[in-house]
Amino acid sequence: MNRTEFIIATTIILFVAFMLGWFTHWLLHRFTRVAGGDVNEVDNLARSLHEAEEMRDQAILYLEQREAELTNQISQTEAELRAAMEGLRDARHEAEEMRAYIERMHNTNG
């Protein structure tokens, strides 16, 4: 093989490699190309996802506020219950003392 044949063979090999690369690129581009409708659908999905995340954040914030309010109400109710129970205990104690006093008075007079 002389120099001219070598150059021609190399040129043909390089041209075939170039054509295979170009064809491969064209096939990949053809199969991975995104249609305009698909882009709009992806935009709509992204917008819907963003709105859903905002609604979730608002719901979490509302629930945290509501939980704080209810915890405060429970604390107040428990304090009122303790005060009422102490009052009831004192009233029972006084009633018991009054019964004992009345019985002593009744036994002394009787």
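**Group meeting talk: a two-helix chain**

Let me begin with one residue, Gln58, which is exposed, with a relative accessible area of 54%. Its place is in helix α2. Keep Gln58 in mind, please, as I will come back to it. Before going on, I should say that what you have in front of you is a predicted model.

So, the overall picture. How many helices and strands does the chain have? The secondary structure comes to two helices and zero strands. The radius of gyration is 45 Å, while the globule rule gives 13 Å for 110 residues; the first value is well over the second, so the chain is more spread out than a compact globule. You can see that in the C-alpha trace too, which spans about 150 × 35 × 15 Å along its principal axes.

Helix α1 covers residues 3–32, and helix α2 covers residues 36–109. Here is where Gln58 comes back. How far is Gln58 from Thr10 in space, C-alpha to C-alpha? The distance is 68 Å, and the two residues are 48 apart in sequence.

Now to burial. What share of the 110 residues is buried? The figure is 0%. The chain exposes about 10500 Å², and carbon and sulfur atoms supply 62% of that area.

Let's look at what sits on this surface, beginning with the nonpolar side. Ten names come up in one patch, and I'll read them out: Ile8, Ile12, Phe15, Val16, Phe18, Met19, Leu20, Trp22, Phe23 and Trp26. Together these residues have about 1000 Å² of accessible area. One of them, Ile12, lies in helix α1.

Next, the charges. The chain carries 11 positive and 19 negative charges, and their mean positions are 5 Å apart. Which residues gather in a patch of negative charge on the surface? They are Glu86, Asp90, Glu94 and Glu97. Take Glu97 from that group: this residue lies in helix α2. Glu97 has a relative accessible area of 46%, so it counts as partly exposed.

That takes me to pairs of charges. Side chains of opposite charge can pair when their charged atoms come close. In this chain the count comes to three salt bridges, and I'd like to walk you through each one.

Asp57 and Arg56 make a salt bridge through their side chains, at 2.9 Å from N to O. Asp57 is partly exposed at 41% relative accessibility, and Arg56 is also in that class, with a relative accessible area of 47%.

Then we have Arg66 with Glu69, whose side chains meet in a salt bridge at 3.1 Å, N to O. Both residues lie in helix α2, three residues apart, which is about one turn of the helix. Arg66 counts as partly exposed at 36% relative accessibility, and Glu69 is partly exposed with a relative accessible area of 45%.

Finally, Arg99 and Glu96. Their side chains meet in a salt bridge at 3.2 Å, N to O. Where do Arg99 and Glu96 lie? Both are in helix α2, three residues apart, or about one turn of the helix. Arg99 has a relative accessible area of 49% and is partly exposed; Glu96, at 48%, counts as partly exposed as well.

To wrap up, we have two helices and zero strands, buried residues at 0%, and three salt bridges. Thanks for listening, everyone!

How values were computed: Residues are numbered from 1 along each chain as its sequence is written. This is a predicted model: local features need pLDDT of at least 70, side-chain atom pairs count only at pLDDT 80 or more; totals for chains, interfaces and linings use all residues. Side-chain values use heavy atoms; hydrogens and water are left out. Helices (H or I, at least four residues) and strands (E, at least two) are DSSP runs, numbered from the N terminus. The radius of gyration is taken over C-alpha atoms; the globule rule is 2.2 Å times the number of residues to the power 0.38. Buried means under 20% relative accessible area, exposed over 50%, partly exposed in between (1.4 Å probe, protein chains only). Accessible areas come from the Shrake-Rupley method with a 1.4 Å probe; for residues, only the protein chains shown count as cover. Lys and Arg count as positive and Asp and Glu as negative; His and the chain ends are not counted. The place of a charge is taken as NZ of Lys, CZ of Arg, CG of Asp or CD of Glu. Patches are made of residues with over 30% relative accessible area and no salt bridge: like charges are joined within 9 Å, nonpolar side chains (Val, Leu, Ile, Met, Phe, Trp, Tyr) within 5 Å. A salt bridge is a side-chain nitrogen of Lys or Arg within 4 Å of a carboxyl oxygen of Asp or Glu.
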